[in-house]
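Please go through the structure shown here with the report that follows, which treats charged contacts, overall fold, cysteines and selected single residues in turn.

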Amino acid sequence: ISSGSGKWSWQFQDGYQTYASYCAQELDADFSAIAASGHGVIAGNDNRTKLISTYWDKTGINGGTWDFSYDADIVVINLGTNDYFLNKDKDPTMCKPEEVQKMTEQFIKHVRDCYGKDIPIVWAYGFVGTFLYDNIKGAIDKLGGEEEGIYMIEVPKNTGGAQGHPTVEGHRAAADKLLPLIKEILGIN
């Protein structure tokens with residue numbers, strides 16, 4: 001997350017004040033996060049194609065290591081924002097909505113290859129807008145949607161942090177929206 005200072009620096013970021021951490025705290029659960037700044041489903045914020053599944057495999061992300069044997073109960077994904085900005089601000093031909101839909105479908109299959117075919121997946125989207133919502137939802141629906149344990153939720157828009165990223169309050173609002181769905185999926189009262 002980033003502060004409202006307008007600065008973009010590690011000094012103004014705190015992974016423990018994110019929707020993932022807030023959800024885990026509320027559920028008294030362990031959580032594990034992969035955060036790769038600037039990445040998208042199709043492309044990243046540096047205008048180079050960065051299909052995330054080429055970076056994320058069973059051995060690591062961006063050359064690091066990641067243990068996919070972690071016994072996850074649920075996977076929450078928040079991707080699509082940088083694809084939208086690449087399309088809107090830089091090169092609409094590089095990031096076409098229909099390609100985002102196709103690659104979202106492939107990415108979800110990839111996540112299931114890594115964690116197992118029965119892992120529930122929630123795609124959280126909307127912090128900065130919902131331009132690609134229908135395309136991401138289209139991929140989820142094509143894979144069977146909720147009947148197959150793949151959900152989509154629109155988180156509240158919040159662009160008050162540095163460079164239009166969500167603030168701490170935005171992350172809290174997203175957690176408040178996500179928690180009931182996560183509890184429902186996992187059968188937690």
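## Salt bridges in helix α4

Glu105 and Lys109 bring their side chains together in a salt bridge, with an N to O distance of 3.5 Å. The model in which this contact is found is a predicted one, and the distances and accessibilities in this report are to be read with that in mind. Both residues belong to helix α4, which spans residues 97-115, and they stand 4 residues apart, about one turn of the helix.

The two partners differ in their accessibility class: Glu105, at 12% relative accessibility, counts as buried because the limit for that class is under 20%, whereas Lys109, at 43%, counts as partly exposed. The contact is also part of a wider arrangement, since Glu105, Lys109 and Lys142 are linked in a network of salt bridges.

## Other charged pairs

How many salt bridges does a search of the whole structure find? The search returns 5, and one of them joins the side chains of Lys137 and Asp141, with 2.7 Å from N to O. These two residues are 4 residues apart in helix α5 and are therefore separated by about one helical turn. Lys137 is partly exposed at 29% relative accessibility, and Asp141 is likewise partly exposed, with a relative accessible area of 42%.

A further salt bridge links Lys117 with Asp118, where the closest N and O atoms are 3.5 Å apart. Both Lys117 and Asp118 are exposed.

## A negative surface patch

Apart from the paired charges, Glu146, Glu147, Glu148 and Glu184 form a negative surface patch. Among these residues, Glu184 has its place in helix α6, which covers residues 168-186. With a relative accessibility of 62%, Glu184 counts as exposed, because the limit for that class is over 50%.

## Overall fold

The protein chain is built with 6 helices and 3 strands, and when these elements are read along the sequence they follow the pattern α-α-β-α-α-β-α-β-α. Of the 189 residues in the protein chain, 47% count as buried.

## Cysteines

How many disulfides does the structure hold? The number is 0. A disulfide is a covalent bond between the sulfur atoms of two cysteines. As for individual cysteines, Cys23 is buried, with a relative accessible area of 5%, and Cys114 is also buried, with a relative accessible area of 9%.

Cys23 also takes part in a contact across the sequence: its C-alpha atom and that of Asp176 are 8.0 Å apart in space, although the two residues are 153 residues apart in sequence. Asp176 is found in helix α6. In contrast to the buried Cys23, Asp176 is exposed, with a relative accessible area of 57%.

## Glycines and their distant neighbours in sequence

Where is Gly138 placed? Its place is in helix α5, and at 19% relative accessibility Gly138 counts as buried, because this value falls under the 20% limit. The C-alpha atom of Gly138 is separated by 9.0 Å from that of Lys102, a residue that is 36 residues away along the chain.

Gly149, for its part, is found in the loop between α5 (133-142) and β3 (150-154). Gly149 is buried, with a relative accessible area of 13%. Its C-alpha atom lies 9.5 Å from the C-alpha atom of Lys117, and the two residues are 32 residues apart along the chain. Lys117 was introduced above as the salt-bridge partner of Asp118.

## Backbone at Asp28

Asp28 deserves a separate entry for its backbone angle: phi is near 50 degrees, a positive value in a residue other than glycine. The residue lies in the loop between α1 (19-27) and α2 (52-55). Is Asp28 buried or exposed? At 74% relative accessibility, Asp28 counts as exposed, because that value is over the 50% limit for the class.

Notes:
Residues numbered from 1 in each chain as written. Predicted model: local features only at pLDDT ≥ 70, side-chain atom pairs only at ≥ 80, totals over all residues. Heavy atoms only, no water. Patch = residues over 30% accessible without salt bridge, like charges linked within 9 Å, V, L, I, M, F, W, Y side chains within 5 Å. Areas by Shrake-Rupley, 256 points an atom, 1.4 Å probe, with all protein chains shown as cover. Salt bridge = Lys/Arg side-chain N within 4 Å of Asp/Glu carboxyl O. Lys, Arg positive; Asp, Glu negative; His and termini not counted. Charge placed at Lys NZ, Arg CZ, Asp CG, Glu CD. Buried < 20%, exposed > 50% of the residue type's maximum accessible area, 1.4 Å probe, protein only. Disulfide = S-S within 2.5 Å.
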